[in-house]
Amino acid sequence: MAALTNARNTPEMADGGRMRVYPVEANTNIYLGGIVALNAAGNAVPASATTTVANPLKIVGRAEYVSNGIPGQNAINNPGAAGALSITARKGVFLYATDGSVGAAQVGLICFALDDNNVTAADRASGATVQQYAAAGIVVAIDPSGQVWVDFWHQATGAA
């Protein structure tokens, strides 16, 4: 496609792309409020550690609701085929637990999804040689409770 030579009416995604619907992976449970990731097939799964660099999970936000089921319910697709349910994931700044490695020194830096409820400061387990944790987002603040405010709008791939 060529560069513009005239004005262009450029459409904007509704809600600025804050809420997106994703098919849920087969035999998978995603709980409301959990950190949602996409696997290599583009299906939603709970964030978790992975041992592959070639097909790492990609964090897409917080689980909001099931879109083709009963709203306000967890996405219980077990048993179920890939895409039998969909989940809505929302970008934003959300509060999650930490494994203790995320503190004031990490504010402004990327944190990584240890699982669907916890973030960590490192992109891999101690001594691991491959990336194990997907980039969750930027640490915005440390809550007085010790939990972490994570900005799911701004993510980057961790070093392999």
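User: What makes the contact between the side chains of arginine 62 and glutamate 64 a salt bridge?

Analyst: This is a predicted model, and in it the N to O distance for arginine 62 and glutamate 64 is 2.4 Å. The cut-off for a side-chain nitrogen of Arg and a carboxyl oxygen of Glu is within 4 Å, so the pair qualifies.

User: Why does glutamate 64 count as buried?

Analyst: Glutamate 64 has 18% relative accessibility, and buried means under 20%, so the label fits. Arginine 62 has a relative accessible area of 24%, and that value makes arginine 62 partly exposed because the class runs between 20% and 50%.

User: What makes the pair of glutamate 64 and arginine 90 a salt bridge?

Analyst: The closest N and O atoms of glutamate 64 and arginine 90 are 3.3 Å apart, and the limit is within 4 Å, so this pair counts too. Glutamate 64 sits in strand β5 and arginine 90 in strand β7, so the salt bridge ties together parts 26 residues apart in sequence. Arginine 90, at 17% relative accessible area, is buried, because buried means under 20%.

User: How many salt bridges turn up in the whole structure?

Analyst: The search finds 3. One of them joins arginine 124 and aspartate 123, with the closest N and O atoms 3.1 Å apart. Shared partners link Arg62, Glu64 and Arg90 into one network.

User: Is aspartate 123 buried or exposed?

Analyst: Buried: aspartate 123 has 12% relative accessibility, and the cut-off is under 20%. Arginine 124 has 22%, so arginine 124 is partly exposed.

User: How do you know that β11 and β12 pair?

Analyst: Pairing takes at least two bridges, and β11 (residues 134–142) and β12 (residues 148–151) have 4 in the antiparallel sense, so they pair. Valine 139, for instance, has valine 150 in β12 as its bridge partner. Strand β9 (residues 110–113) is also joined to β11 by 4 bridges, running antiparallel, and isoleucine 110 has isoleucine 138 in β11 as its partner.

User: What makes β9 and β10 a pair?

Analyst: They share 2 bridges, and at least two are needed, so they pass. Alanine 113 stands opposite valine 119 in β10, and the two strands form a hairpin with 4 residues between them.

User: Which strands close into a barrel, and in what order?

Analyst: The order is β8-β10-β9-β11-β12, with mixed pairing. Neighbouring strands of this sheet are turned by 55° against each other on average, direction ignored.

User: Why can valine 140 belong to a nonpolar surface patch?

Analyst: Valine 140 has 39% relative accessibility, and a patch residue needs over 30%, so valine 140 clears that bar. Val93, Leu95 and Trp149 join Val140 in the patch, with about 280 Å² of accessible area together.

Notes: Residues are numbered from 1 along each chain as its sequence is written. This is a predicted model: local features need pLDDT of at least 70, side-chain atom pairs count only at pLDDT 80 or more; totals for chains, interfaces and linings use all residues. Side-chain values use heavy atoms; hydrogens and water are left out. Axes are lines fitted to C-alpha atoms, for helices over the stretch in contact, and angles run from 0 to 180 degrees between N-to-C directions. Patches are made of residues with over 30% relative accessible area and no salt bridge: like charges are joined within 9 Å, nonpolar side chains (Val, Leu, Ile, Met, Phe, Trp, Tyr) within 5 Å. Accessible areas come from the Shrake-Rupley method with a 1.4 Å probe; for residues, only the protein chains shown count as cover. Buried means under 20% relative accessible area, exposed over 50%, partly exposed in between (1.4 Å probe, protein chains only).
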